[in-house]
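Here is a short walk through a protein model for someone seeing it for the first time. Keep the 3D view open and follow along from one spot to the next.

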Amino acid sequence: WGKARPWERGWGVLPRGDSGTMCVRSERDGSVETSDVVGGKKAGGAVHLSKIQRRLIVATRWAFGLLFCINFFVFWALPIGIQGQAWRLGLRKVFDPIFNAIDTCKPIRQFAHSFIYAKEVHTDYFVQAVFVAISTLTTMTFLFHWQMTHGSLPLWLIMAYNFVWVGFGGRGFGAAYTYAHQEGHRRGGKIYRPWIGNNVGNIWENWMGLLYGTVPYNFTTSHVFLHHRLNAGKGDPFYMWDVDRSSWSDFFLYAHRIFVYMTGYSSLKVFAEMAETNKTAKENYYLLRRGMFVFWVVMPAVVISFLVYSGSTVASALTFYLFAFLEPTCCMSFFLAFINVSFHGFIEFDEEGRHIGCVNSDAIIDGPDDLYGEDDHMAHHYFTSVSHRDLAQHRATQKEVWIKHHASVFQKITIPEVTVFMLFNMWDKLAEHYVDLSGKLSKKDIAAMLKVRAQRKEMTYEEYEFDFLPTIRERAHALVAKGVCVSVDQALKEIAHTNHPLNEVSATKKTK
């Protein structure tokens, strides 16, 4: 696995055309001179910054990511860690039988199907969704009552709220994320019966999600039309193959990127660029902009004004909003960045330099904390129509492909644990959970393979942010002009899913 293939040497193969950026590294000072060649012409969209300016921007983002991580460990590590272990070590045995008895109750299921969900399969969400909603709304009501009665929130109450928000085994915010995610794939409330879908819409994405740091319509727009369309490739606000997924330092940069995504800004910018030629992108732009306005303007204005009117000082009301609303946003943002290291942390290409889906997205079998098939991110990306109930049958059809490419499949492990093993370079430990259907790889081989795939980059962070991303639409137009692609949309997918020739000169020197 240490052998350099053509694309690892920077020669990325594009059999149907070249839309890459050629970067030549100076022998003298290591600076990067970019020749942004798009269809034989210099690209005008590149960010022309000096070496010092680029480094200053990267350093600022890195510092933000570091503070972001520190904030997570101060306010959220204990609620997640303590409740996760408590759930595993005993509470699960106590509460699971009770929950299962309620969850499998036929009258409850019939009610959920008849009045709440459009499809019977989604009744699996009902009982836990009710529990999480009651828990969160009750606790938030108590927070408001305490604030209006005493004028401020004590630290113990803030931490208590964080514990409730997380839930035992992460089943609070984990479930909220799952429901918002699933709703987002069914635009306009189609997961529900018409009386809910037409009048309320997506409950968890656009309403309850306000308490979980989710900008309304972010899943409906960005997640579906950018992340899934591009499958985490170049141009996706979630793109991560320009950072080392086994490096905490690189993770700080990625944490910053995901926070920008959580605000809605990075996705809104993409939709704005696409709006002139893409009707759906234009609709998504206005929809997401509305959600951002609600989340960043309307909600804080209403909450803070209400508290001030109720007797709180402006400073106290702002502090309340910080801990009750913005801190959960920070936690959810860190959480998404963290789990995405597992979801898309490995990368491999075929002989033509195209991304291999069963490597670039992972799947976990028999995970102890799986929620409705969320552990199988591979199936979710490439076989979206397969429901969580049918995953076992689906996996049986994928064995030949998995064997051929040594797919990113693990067993009896959680999503966060995969990320932890990667970031701490515990490859032998991660290899113990790898599913080798070929039966040909030793534990040492598996560990080496996982390490190479986790550390491989398509380009550096600076090259992606300042040279490649600003010119990505020009590259797409160039592919259309050459006749390689029939539309800009197809060209953007081609660019996202194909490795491109980058650093050809410097990389060639390194491999001689």
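## A serine and its partner

Let's start with a single contact: the side chain of Ser246 pairs with the side chain of Gln455 in a polar contact of 3.1 Å. You'll find Ser246 in the loop between α9 and α10 (248–263). Before going further, keep in mind that this is a predicted model.

Is Ser246 buried or exposed? Ser246 has a relative accessible area of 5%, which is under the 20% cut-off, so it counts as buried. Leaving out residues up to four places away in sequence, Ser246 touches Met422, Leu423, Asn425, Trp427, Ala454 and Gln455.

## The helix that follows

Move on along the chain to α10. A side-chain oxygen of Ser247 comes to within 3.3 Å of the backbone nitrogen of Ser249 at the start of α10. Just after α10, Gly264 has a positive phi of about 100°.

How far does α10 reach from its first C-alpha to its last? The answer is 23 Å for 16 residues, close to the 22 Å expected at 1.5 Å a residue. The helix is mostly covered too, with 13 of the 16 residues in α10 buried.

## The chain as a whole

Now zoom out. The chain has 512 residues, and buried ones make up 55% of them. Its secondary structure comes to 24 helices and six strands.

Contacts across the sequence are worth a look as well. Among contacts in the chain with a separation of 6 or more, 71% are between residues 24 or more positions apart. One pair of residues that are distant in sequence is Val420 and Ser342: they are 78 residues apart along the chain, yet 8.8 Å separates their C-alpha atoms. Val420 belongs to helix α18 (residues 415–423), and it is partly exposed, with a relative accessible area of 29%.

## Empty space inside

Rolling a probe the size of a water molecule over the atoms shows where empty space is left. How many cavities of 30 Å³ or more does the structure hold? There are four, and the largest cavity has about 100 Å³ of space in it.

The lining of the largest cavity is made by Tyr177, Phe219, His223, His227, Phe238, Tyr261, Leu336, Ile339, Asn340, Phe343 and His377. Two elements, α9 (218–230) and α13 (314–344), each give two or more residues to that lining. The largest share, four residues, comes from α13. By type, the lining of the largest cavity has seven nonpolar residues, four polar ones and no charged ones.

## Loops with something to show

Next, look at some loops. Glu348 is in the loop between α13 and α14 (357–360). With a relative accessibility of 2%, Glu348 counts as buried, and its side chain makes a polar contact of 3.4 Å with the side chain of Arg456.

Which residues have a positive phi without being glycine? Tyr217 is one of them, with a phi near 75°, and it sits in the loop between α8 (203–206) and α9. His406 is another, at about 50°, found in the loop between α17 (399–405) and β6 (409–411). His406 is also buried, with a relative accessible area of 15%.

## Toward the two ends

Early in the sequence, Gln53 lies in helix α1 (residues 51–75). A polar atom of the Gln53 side chain is 2.8 Å from the backbone nitrogen of Ser50. Gln53 is partly exposed, with a relative accessible area of 40%.

Far along the chain comes helix α23 (residues 488–497), which is mostly covered, with seven of its 10 residues buried. Those buried residues are Val488, Ala491, Leu492, Glu494, Ile495, Ala496 and His497. An α-helix has 3.6 residues a turn, so residues three or four places apart point the same way. What covers the buried residues of α23? The cover includes α9, α21 (461–468) and α22 (472–482).

Note on methods:
Residues are numbered from 1 along each chain as its sequence is written. This is a predicted model: local features need pLDDT of at least 70, side-chain atom pairs count only at pLDDT 80 or more; totals for chains, interfaces and linings use all residues. Side-chain values use heavy atoms; hydrogens and water are left out. On a 1 Å grid over the protein atoms alone, a cavity is a set of points where a 1.4 Å probe fits but cannot get out, and a pocket is an open set with protein on both sides within 12 Å along at least five of seven lines; lining residues have an atom within 4 Å of a point. Grid points are joined across faces, edges and corners, and a volume is the space filled by probe spheres set on the points. Ala, Val, Leu, Ile, Met, Phe, Trp, Tyr, Cys and Pro count as nonpolar, Asp, Glu, Lys and Arg as charged, and the others, Gly among them, as polar. Buried means under 20% relative accessible area, exposed over 50%, partly exposed in between (1.4 Å probe, protein chains only). A polar contact is a pair of N or O atoms within 3.5 Å; within protein, one must be able to donate a hydrogen and the other to accept it, and residues adjacent in sequence count only if both atoms are side-chain atoms. Contact means heavy atoms within 4.5 Å. The expected span of a helix is 1.5 Å times one less than its number of residues.
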